[in-house]
Amino acid sequence: MYKAKAYSAASATSTLASTTITRRDPTEHDVQIDILFCGICHSDLHQVRNEWSGVMPTVYPCVPGHEIVGRVTNVGSAVGTFKPGELAAVGCMVDSDRTCSECQAGLEQFCPNMTLTYNFPDKHLGGVTYGGYSESIVVDERFVLRVPSNLNLAGVAPLLCAGITTYSPMRHWGVTKGKKVGVVGLGGLGHMAVKFAHALGAHVVVFTTSPNKKEDALRLGADEVVVSGHADEMKKQAGSFDFILDAVSADHDINAYLQLLRLDGTLTLVGAPERPLPVSAFHLILPRRSFAGSGIGGIQETQEMLDFCAEHGITADIERIGIQQIETAFERLLRSDVKYRFVIDMASLRAS
Ligand SMILES: NC(=O)c1ccc[n+]([C@@H]2O[C@H](COP(=O)([O-])OP(=O)(O)OC[C@H]3O[C@@H](n4cnc5c(N)ncnc54)[C@H](OP(=O)(O)O)[C@@H]3O)[C@@H](O)[C@H]2O)c1
Ligand SMILES: [Zn+2]
Ligand SMILES: [Zn+2]
């Protein structure tokens, strides 16, 4: 075991602070990675503040972070896929049982014995797993991704959660040329959804509560932008969408978007607000609409997404920060003021 610098929250109401955590020495299948960049997902904020207490209560101290890119420093004796000196990435999961039907189908994110990158029972050390707000991490090679060499590294980090969480449902629900696709909420996930839907050839409409994001939405690849508070603009879109991806982090009226689906259209939630969302039965019944959910993506699909990004030159639009600015970043996330993902430069942690 060895010590690593990290940032952790001590309780749901405390700010994140500098700490030291214990990591395992790499076992034969492990890859040890010096973390260079880690994205800040709104899930980190939900988890630190224990907003998902009913489903995934937070165990403190909590070290969040699941959008990790870095450089391999050491590998176990049986590791064949990575060598010291290479770039590597880790997303929301670090393990699964590899035997269940979900694992065999490449859907490790739905494995009943999956281990999330933080706040999940740690099979090796006991306690819970600690995430990427840290200078290094040790992960089984089967959960380590290969980083395309042609992309900006800091902009790659958010692909590991925001990227795969929006790419996977678009592939699953068949977003292609000729489809009309809505994206609700232009934050970290939403801005990646716009880039993917555009790259897949769809007609993309962004729904935002922030009129000042209109120009950005068009630049990111939207064909139209609707300010969701404008009733007449919303009305014009009624009954016209094949697919809508909802990436909103807080309470909002889901029925306003169900009404925009055409026959057999699907509204998929990836946003995970703290409280339940009321759904009107008739907005589903007529005309035969589906209301669905989606969680991150499997390991093979995450690699496929990274390769798709390499081919299409896609990375996240980021604001690079030092780890000391984490609380300001959290506050700005709560105000929907992010352009469009905060990424921590881990040099700031090493220097502290
Ligand atoms: N399913 C999964 O596997 C998965 C994976 C990662 C994250 N998530 C969840 O997805 C959600 C979004 O994450 P993120 O990191 O993209 O968050 P984010 O960067 O904070 O973006 C959320 C966006 O939602 C909109 N919004 C915020 N409050 C709103 C409100 N009260 N009413 C309407 N719109 C509002 C804002 O966009 P506008 O300014 O454009 O309105 C905001 O920028 C979070 O709940 C997160 O936990 C789920
Ligand atoms: Zn995330
Ligand atoms: Zn499994």
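Let me begin with a single residue, His203, which is partly exposed, with a relative accessible area of 32%. Please keep in mind throughout that what we are looking at is a predicted model.

His203 sits in strand E10, which covers residues 203-208. If we leave out residues up to four places away in sequence, His203 touches Lys179, Lys180 and Val181, and also Asp223 and Glu224. Gly293, on the other hand, is 90 residues from His203 in sequence, and the two C-alpha atoms are 22 Å apart in space.

Now let me step back to the whole chain, which has twelve helices and 16 strands. Its radius of gyration is 20 Å, close to the 20 Å that the globule rule gives for 352 residues, so the chain is as compact as a globular protein of that length. Along the principal axes, the C-alpha trace spans about 60 × 40 × 35 Å.

How much of the chain is buried? Of the 352 residues, 57% are buried. When we take the contacts with a separation of 6 or more, 67% of them are accounted for by residues 24 or more positions apart. As for the surface, the chain exposes about 14400 Å², and carbon and sulfur atoms supply 52% of that area. The charged side chains number 31 positive and 38 negative, and the centres of these two sets lie 3 Å apart.

Next, I would like to spend a moment on helix H10, residues 299-312. At 1.5 Å a residue, its 14 residues should span 20 Å, and because its end C-alpha atoms are 20 Å apart, the expected and modelled values agree. Which residues of H10 are buried? They are Ile299, Glu301, Thr302, Gln303, Met305, Leu306, Phe308 and Cys309. These buried residues pack against strand E6 (93-95) and against three helices, namely H3 (153-156), H4 (162-172) and H5 (188-199). Just after H10 comes Gly313, which takes a positive phi of about 65°.

That brings me to the backbone, where a general point helps: most residues other than glycine have a negative phi, and most peptide bonds are trans. With that in mind, let us look at some exceptions in this model.

Asn119 has a phi near 60°, a positive value in a residue other than glycine. Asn119 is placed in the loop between strand E7 (115-116) and strand E8 (136-140). Is Asn119 buried or exposed? Its relative accessible area is 7%, and since buried means under 20%, Asn119 is buried.

Ile296 also has a positive phi, near 25°, and it too is a residue other than glycine. Ile296 lies in the loop between E14 and helix H10, and with a relative accessible area of 14% it is buried.

Finally, we come to the cis peptide bonds. One of them joins Tyr60 and Pro61, with omega about 0°, and Pro61 is found in the loop between helix H1 (42-48) and strand E4 (68-75). Another joins Leu286 and Pro287, where omega is about -5°. Where is Pro287 found? Pro287 is in the loop that runs between helix H9 (281-285) and strand E14 (290-293).

Notes. Residues are numbered from 1 along each chain as its sequence is written. Chains are lettered from A and ligands numbered from 1 in the order in which they are written. This is a predicted model: local features need pLDDT of at least 70, side-chain atom pairs count only at pLDDT 80 or more; totals for chains, interfaces and linings use all residues. Side-chain values use heavy atoms; hydrogens and water are left out. Helices (H or I, at least four residues) and strands (E, at least two) are DSSP runs, numbered from the N terminus. Buried means under 20% relative accessible area, exposed over 50%, partly exposed in between (1.4 Å probe, protein chains only). The radius of gyration is taken over C-alpha atoms; the globule rule is 2.2 Å times the number of residues to the power 0.38. Contact means heavy atoms within 4.5 Å. Accessible areas come from the Shrake-Rupley method with a 1.4 Å probe; for residues, only the protein chains shown count as cover. Lys and Arg count as positive and Asp and Glu as negative; His and the chain ends are not counted. The place of a charge is taken as NZ of Lys, CZ of Arg, CG of Asp or CD of Glu. The expected span of a helix is 1.5 Å times one less than its number of residues.
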